[in-house]
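Biologist: Got a minute to go through the charged pairs with me? Pull the model up and we'll start.

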Amino acid sequence: MALTPFEIGLIASLLLSLVALGIALKAIKLARAQHENTERLIQKLTRDLAMSNSGSVGMGQRLLAMEKRLQEPKKADQKIDYYNDDDFQPYSQAAQLFKMGLDAEEVARRCGLSRAEASLIQMMQLKSDIQ
């Protein structure tokens with residue numbers, strides 16, 4: 001039984017269609033995987049941004065409280081003991097840890113500060129060392 005050229009063309013078209021279908025299905029599978037990965041990254045970035053924002057708000061509130069406290073009229077003989085005062089203790093401890101060469105992530109963890117607060121103290125420490 002011999003195949004006519006028309007039948008051979010149909011078989012070739014069928015095979016070519018099956019290969020194209022396989023490639024299309026693989027492309028769809030890869031696109032879905034990439035979409036899921038992108039969604040995970042977006043969720044991670046959203047969490048990181050929310051954490052950064054909350055740290056910044058907390059740091060701002062602490063700075064405002066410290067500024068208010070510093071602006072209060074003090075008695076002439078009363079001075080703020082930055083190293084023994086509970087409000088300033090995490091910051092003075094962080095400054096000491098930066099002098100010892102620790103990074104901001106470790107200082108934040110040890111002092112109970114946010115990463116943003118630790119980075120700010122590190123920048124202030126570096127600036128004071130330069131001057």
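Biologist: Which side chain does Glu105 meet in a salt bridge?

Modeller: Arg115, with an N to O distance of 3.0 Å. Keep in mind that this is a predicted model.

Biologist: And what does that pair tie together?

Modeller: Glu105 sits in helix 3 (residues 104–111) and Arg115 in helix 4 (residues 115–130), so the bridge ties together parts that are 10 residues apart in sequence.

Biologist: Is Arg115 buried or exposed?

Modeller: Arg115 counts as partly exposed, because its relative accessibility is 42% and that class runs from 20% to 50%.

Biologist: OK, on to Glu106. Which residues are linked with Glu106 in a network of salt bridges?

Modeller: Arg109 and Arg110. The Arg109 side chain meets Glu106 at 2.5 Å, N to O, and for Arg110 and Glu106 the N to O figure is 2.8 Å.

Biologist: How many residues apart are Arg109 and Glu106 in helix 3?

Modeller: Three, so about one helical turn separates them. Arg110 and Glu106 are four residues apart in helix 3, which also means a separation of about one helical turn.

Biologist: What about accessibility, say for Arg109?

Modeller: Arg109 is exposed, with a relative accessible area of 58%. Arg110 comes out as partly exposed at 44%.

Biologist: Why can side chains of opposite charge pair at all?

Modeller: They can do so when their charged atoms come close.

Biologist: Last thing: how many salt bridges does the count come to?

Modeller: Four, counting a Lys or Arg side-chain nitrogen within 4 Å of an Asp or Glu carboxyl oxygen.

Conventions: Residues are numbered from 1 along each chain as its sequence is written. This is a predicted model: local features need pLDDT of at least 70, side-chain atom pairs count only at pLDDT 80 or more; totals for chains, interfaces and linings use all residues. Side-chain values use heavy atoms; hydrogens and water are left out. Helices (H or I, at least four residues) and strands (E, at least two) are DSSP runs, numbered from the N terminus. Buried means under 20% relative accessible area, exposed over 50%, partly exposed in between (1.4 Å probe, protein chains only).
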